[in-house]
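I opened a new page for this chain. My plan is to go from the whole to the parts and to write down what I look up.

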Amino acid sequence: GYNSQYLSDVLKNQNSKEIKILLKSALEAGIFLPKNQEDDEEKTTLLMPIRLNGWFQMILKHLEIKNIRSISSYDNEFTDGINLIYGKNGVGKTTILEAIHTLSISKSFRSGYKVNIQKVKTEVMSIVGKFLSKRINKITYRKMGKEYKIKINETKINKVSDLIGKF
């Protein structure tokens, strides 16, 4: 299940009469392409549930990114349900997902990319996620120079293992 209104919104943004939809499950991102387009061509649309369920539920409500890969500044308030992240290749869709992943385990899902996550020629990078949750309201991941700081609800954590399983 994807919400029919969100699916309708995605389809309205497609410039093709026939659409190829790649879905693995209701909990993973869906990819929408014009039928004759290859996966790596100019425009790809992702439909992704932002609600993540684990042994407790946390809903990402707000995400702020500074100086990560191609993104200098990104600030977004998510709505309830499914949120749509779409655009041409290379504009930062995957970087947004990578930032969310980094909040959960303090590193990129791309192997060997930890050094390169920070935008070139910048001194500070940060990811701030605000959540609707009974236990965690905010996770902050910041790098200034070579020093990393991770905070949960404004309390600095000393070991990455303290972050694992929180989000």
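**Entry 1: the whole chain**

I began with the surface. The accessible surface of the chain comes to about 10,000 Å², and carbon and sulfur atoms hold 51% of that. I note here that the model is a predicted one.

Next I looked up burial. The chain has 167 residues, and 38% of them count as buried.

I then went through the secondary structure and found two helices and eleven strands. Along the sequence the order reads α-β-β-β-β-β-β-β-α-β-β-β-β.

I also looked at contacts with a separation of 6 or more. In 49% of them, the residues are 24 or more positions apart.

**Entry 2: helix α2**

I turned to helix α2, which covers residues 93-105. Does the distance between its ends agree or disagree with its number of residues? At 1.5 Å a residue, the 13 residues of α2 should span 18 Å. Its end C-alpha atoms are 19 Å apart, so I wrote down that the two values agree.

How many of the 13 residues of α2 are buried? I found ten, so the helix is mostly covered. The buried residues are K93, T95, I96, L97, E98, A99, I100, T102, L103 and S104. Just after the helix, S106 has a positive phi of about 70°.

**Entry 3: two buried residues of α2**

I picked A99 and T102 for a closer look.

A99 lies in α2. Its relative accessibility is 0%, which is why A99 counts as buried. Leaving aside neighbours within four places in sequence, I found A99 in contact with I65 and I127. I also looked up A99 against I117, which is 18 residues away along the chain. Their C-alpha atoms are separated by 9.1 Å.

T102 is also placed in α2. Buried or exposed, I asked of T102? The relative accessibility is 1%, so T102 counts as buried, the cut-off being under 20%. Which residues does T102 contact, leaving aside its neighbours within four places in sequence? My list for T102 is K107, S108, I117, I127, Y141 and L163. I127 is thus on the contact list of A99 and on that of T102.

**Entry 4: the aromatic pair**

Y141, one of the contacts of T102, led me to the rings. A pair of aromatic rings is described by the distance of the centres and the angle of the planes. I found one aromatic pair in the structure. The ring centres of Y141 and Y148 are 5.6 Å apart and the planes are at 50°, so I entered the pair as tilted.

The two partners have their own burial entries. Y141 has a relative accessible area of 3% and is buried. Y148 has 32% and is partly exposed.

**Entry 5: salt bridges**

How many salt bridges does the structure hold? I counted three.

One joins R69 and E98, with the closest N and O atoms 2.6 Å apart. R69 is in the loop between β5 (57-68) and β6 (71-77) and E98 is in helix α2, so this pair ties together parts that are 29 residues apart in sequence. R69 is buried at a relative accessible area of 17%. E98 counts as buried too, at 0% relative accessibility.

Another joins the side chains of K138 and E154, at 2.8 Å from N to O. K138 is in strand β9 (residues 138-144), while E154 is in the loop between β10 (147-152) and β11 (155-157), so the pair ties together parts that are 16 residues apart in sequence. K138 is partly exposed, with a relative accessible area of 24%. E154 is partly exposed as well, with 48%.

The side chains of E64 and K66 also meet in a salt bridge, at 4.0 Å from N to O. For K66 I noted a relative accessible area of 32%, so K66 is partly exposed.

**Entry 6: a patch on the surface**

Last, I went back to the surface. Which residues form a nonpolar patch there? I found L11, I21 and L23, with about 250 Å² of accessible area together. L11 belongs to helix α1 (residues 4-12). The relative accessible area of L11 is 42%, so L11 is partly exposed.

Methods. Residues numbered from 1 in each chain as written. Predicted model: local features only at pLDDT ≥ 70, side-chain atom pairs only at ≥ 80, totals over all residues. Heavy atoms only, no water. Helix = DSSP H or I, 4+ residues; strand = E, 2+ residues; numbered from the N terminus. Buried < 20%, exposed > 50% of the residue type's maximum accessible area, 1.4 Å probe, protein only. Contact = heavy atoms within 4.5 Å. Phe/Tyr/Trp six-rings, centres within 6.5 Å; stacked < 30°, edge-to-face > 60°. Expected span 1.5 Å × (residues − 1). Patch = residues over 30% accessible without salt bridge, like charges linked within 9 Å, V, L, I, M, F, W, Y side chains within 5 Å. Areas by Shrake-Rupley, 256 points an atom, 1.4 Å probe, with all protein chains shown as cover.
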